[in-house]
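Student: Could you take me through the pockets of this model in one go? I would like a close look at what lines them.

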Amino acid sequence: MGASFFLSRLAAGQRALVLLYALTLPLSLTTSWIVLIVGLMLWALAVACSWKLHSDNAWTSSWKQAPLLLPLFAFAVAIAISGAGAGGMGEAVASLWTLKTLVVYFWSYTVFAQDRSTTPLAICSLLTVSALAGIWGTIQQLTGFHPFSYPYLQATGFLGAPMAFAGQMQIFSLLALGLFLTKGYLHLPEPFRVPWVFATLTVANLLGVFFSSERSAWLGVAIGILVLASFISWRAMAKSCLILSVVVATSWIYVPVVKQRLYPLFNWQTDVST
């Protein structure tokens, strides 16, 4: 009875931590890491309790059914091979270590398997804060106001580094866009299931990645949009190509930072990053 009660308390604590992680991820990498470490510690305790009770429940087995398990394993193998080819086994291990944050997938999936109602709440929390980060990044880029960091060319949202902000906004904007295009947002709680509300949330996230002014982020989102559209229909993919072409042309003409960031591509010999 005591172990069962303790296990239920651990489950409640982990649900709260997953929501907190979703809220803090677009705000502070340090804080989100602290939340993740605490969550992993509670996960380990939950597994230990499950073993003590001799129960094969979600804490010990659900992650084995995680749908991205095989793709993540293939990705890790590719990273290891790439590292080994570049610098031997030492570099392979170092390359694999850069993927350590992916453990959040297995932890959060285990929590979601325990209580499916946590999933939409985590998605809404994440996309709301990321939308605010996108709007704040847009303001920084348009006004040149960077109160929290060195005044980079790129907007930084609530984070301190432009690359971290751009990388996050890629994922968040594609997540929002995927839910919007497939009408997955209709499964979210009010008011997020209201079309114009979620459309606004999606646009705010896309503004963040646009005004992050990272060329790699632009390329990643452009490819991501085409891939998402291809899963829907060829007509959706054709429309996406047309819309992206219009956005690129309009931005080149009317948004100075776009021309500033893309112009070096025409002089690639002098730009190492190209």
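Tutor: Happily; here is the setting first, and then the pockets one after the other. This is a predicted model, where local features need pLDDT of at least 70 and side-chain atom pairs count only at pLDDT 80 or more, while totals for chains, interfaces and linings use all residues. Residues are numbered from 1 along each chain as its sequence is written, and side-chain values use heavy atoms, with hydrogens and water left out.

The protein chain has 11 helices and 0 strands, where helices (H or I, at least four residues) and strands (E, at least two) are DSSP runs numbered from the N terminus. Its C-alpha trace spans about 70 × 50 × 45 Å along the principal axes.

Now to the largest pocket, which holds about 1700 Å³ of space. A pocket here is an open set of points on a 1 Å grid over the protein atoms alone, where a 1.4 Å probe fits, with protein on both sides within 12 Å along at least five of seven lines; lining residues have an atom within 4 Å of a point. Grid points are joined across faces, edges and corners, and the volume is the space filled by probe spheres set on the points. There are 35 lining residues, and Leu 25, Val 104, Leu 126, Ile 171 and Phe 172 are the closest to the centre of this pocket. Two or more lining residues come from each of α1 (2-24), α2 (29-53), α4 (69-97), α5 (103-114), α6 (118-143) and α7 (162-181). Of these, α7 gives the most, with 9 residues. By class, the lining has 27 nonpolar, 8 polar and no charged residues; Ala, Val, Leu, Ile, Met, Phe, Trp, Tyr, Cys and Pro count as nonpolar, Asp, Glu, Lys and Arg as charged, and the others, Gly among them, as polar.

The second largest pocket has a volume of about 930 Å³. It is lined by 32 residues, with Trp 218, Val 221, Ala 222, Ile 225 and Leu 244 closest to its centre. At least two lining residues each come from α7, α8 (195-211), α9 (215-232), α10 (234-254) and α11 (256-262). Here α9 supplies the largest share, 10 residues. This lining divides into 23 nonpolar, 5 polar and 4 charged residues.

One last stop is the loop between α7 and α8, where Leu 188 lies. Leu 188 counts as buried because its relative accessible area is 5%, and buried means under 20% (1.4 Å probe, protein chains only).

Technical notes
Buried means under 20% relative accessible area, exposed over 50%, partly exposed in between (1.4 Å probe, protein chains only).
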